[in-house]
Amino acid sequence: MSTQTVTAHIPKELVARVDAIAAKQDRPRGWAVKQALAEWVAVEEQRHQLTLEAMESVHAGIAVPHNEVAAWADSLASDKPMPIPQARKIR
């Protein structure tokens with residue numbers, strides 16, 4: 001795999017934290033930064049895909065009505081939280 005050097009201004013405190021974690025794993029800083037960036041990209045790609053899928057569901061009329069979500073959220077502070085509402089065809 002070919003590589004490319006990327007330069008970024010990173011707060012010194014964050015660099016110190018990266019260095020500490022990399023040292024605990026006996027890895028160089030570059031390896032730790034590459035791992036973190038690869039994981040961040042994977043999360044962002046998954047977030048994008050899930051957003052597209054959610055938009056398709058809404059377009060197809062599959063959702064959870066707002067009042068059901070609100071009731072569920074309100075119940076979380078009670079002694080008997082409600083089960084998570086399930087999406088269904090609402091149109």
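So, right after helix α1 comes Asp-26, and its phi is positive, near 55°. That is a positive value in a residue other than glycine. Asp-26 sits in the loop between α1 and α2. When I say helix, I mean a DSSP run of H or I with at least four residues, and a strand is a run of E with at least two, both numbered from the N terminus. Is Asp-26 buried or exposed? It counts as exposed, at 71% relative accessibility. The cut-offs there are under 20% relative accessible area for buried, over 50% for exposed, and partly exposed in between, with a 1.4 Å probe and protein chains only.

Quick word on where this comes from. This is a predicted model, so local features need pLDDT of at least 70 and side-chain atom pairs count only at pLDDT 80 or more, while totals for chains, interfaces and linings use all residues. Residues are numbered from 1 along each chain as its sequence is written, and side-chain values use heavy atoms, with hydrogens and water left out.

Okay, the helices on either side of that loop. Helix α1 covers residues 12-24, and at 1.5 Å a residue its 13 residues should span 18 Å; the end C-alpha atoms are 18 Å apart, which agrees. The expected span, by the way, is 1.5 Å times one less than the number of residues. Helix α2 takes in residues 29-59. For its 31 residues we expect 45 Å, and the end C-alpha atoms are indeed 45 Å apart. Then just after α2 there's another positive phi, about 85°, this time at Gly-61.

Now salt bridges. The rule is a side-chain nitrogen of Lys or Arg within 4 Å of a carboxyl oxygen of Asp or Glu. How many salt bridges does that give? The count comes to 3.

Let's start with Asp-19 and Arg-29, where the closest N and O atoms are 2.7 Å apart. Asp-19 lies in helix α1 and Arg-29 in helix α2, so this pair ties together parts that are 10 residues apart in sequence. Both ends are partly exposed: Asp-19 at 28%, and Arg-29 at 46%.

Next up, Glu-44 with Arg-47, at 3.1 Å, N to O. These two are 3 residues apart in helix α2, so about one helical turn separates them. Glu-44 is partly exposed at 29% relative accessibility, and Arg-47 is partly exposed too, with 48%.

And then Glu-68 with Arg-88, at 2.6 Å, N to O. This pair links distant parts of the chain, 20 residues apart: Glu-68 is in helix α3 (residues 66-75), and Arg-88 is in strand β2 (residues 88-89). Glu-68 has 26% relative accessibility, so we call it partly exposed; Arg-88, at 39%, is partly exposed as well.

While we're on Asp-19, a couple of distances. Its C-alpha is 25 Å from the C-alpha of Ser-2, and those two are 17 residues apart along the chain. Going the other way, Ala-38 is 19 residues from Asp-19 along the chain, with 17 Å between the C-alpha atoms. Ala-38 lies in helix α2, and at 46% relative accessibility it counts as partly exposed.

On to the surface. Which residues make the nonpolar patch of about 300 Å²? They are Leu-37, Trp-40 and Val-41. To join a patch, a residue needs over 30% relative accessible area and no salt bridge; like charges are joined within 9 Å, and nonpolar side chains (Val, Leu, Ile, Met, Phe, Trp, Tyr) within 5 Å. The areas come from the Shrake-Rupley method with a 1.4 Å probe, and for residues only the protein chains shown count as cover. Val-41 belongs to helix α2, and it is partly exposed, with a relative accessible area of 32%.

Last bit, the rings. How many aromatic pairs does a search of the whole structure find? It finds 0. For that search, rings of Phe, Tyr and Trp (its six-membered ring) pair if their centres lie within 6.5 Å, with planes under 30 degrees apart called stacked, over 60 edge-to-face, and the rest tilted. There is a charge over a ring, though: Arg-27 lies over the face of Trp-31, 4.3 Å from the ring centre. That one needs NZ of Lys or CZ of Arg within 6 Å of the ring centre and within 35 degrees of the ring normal.
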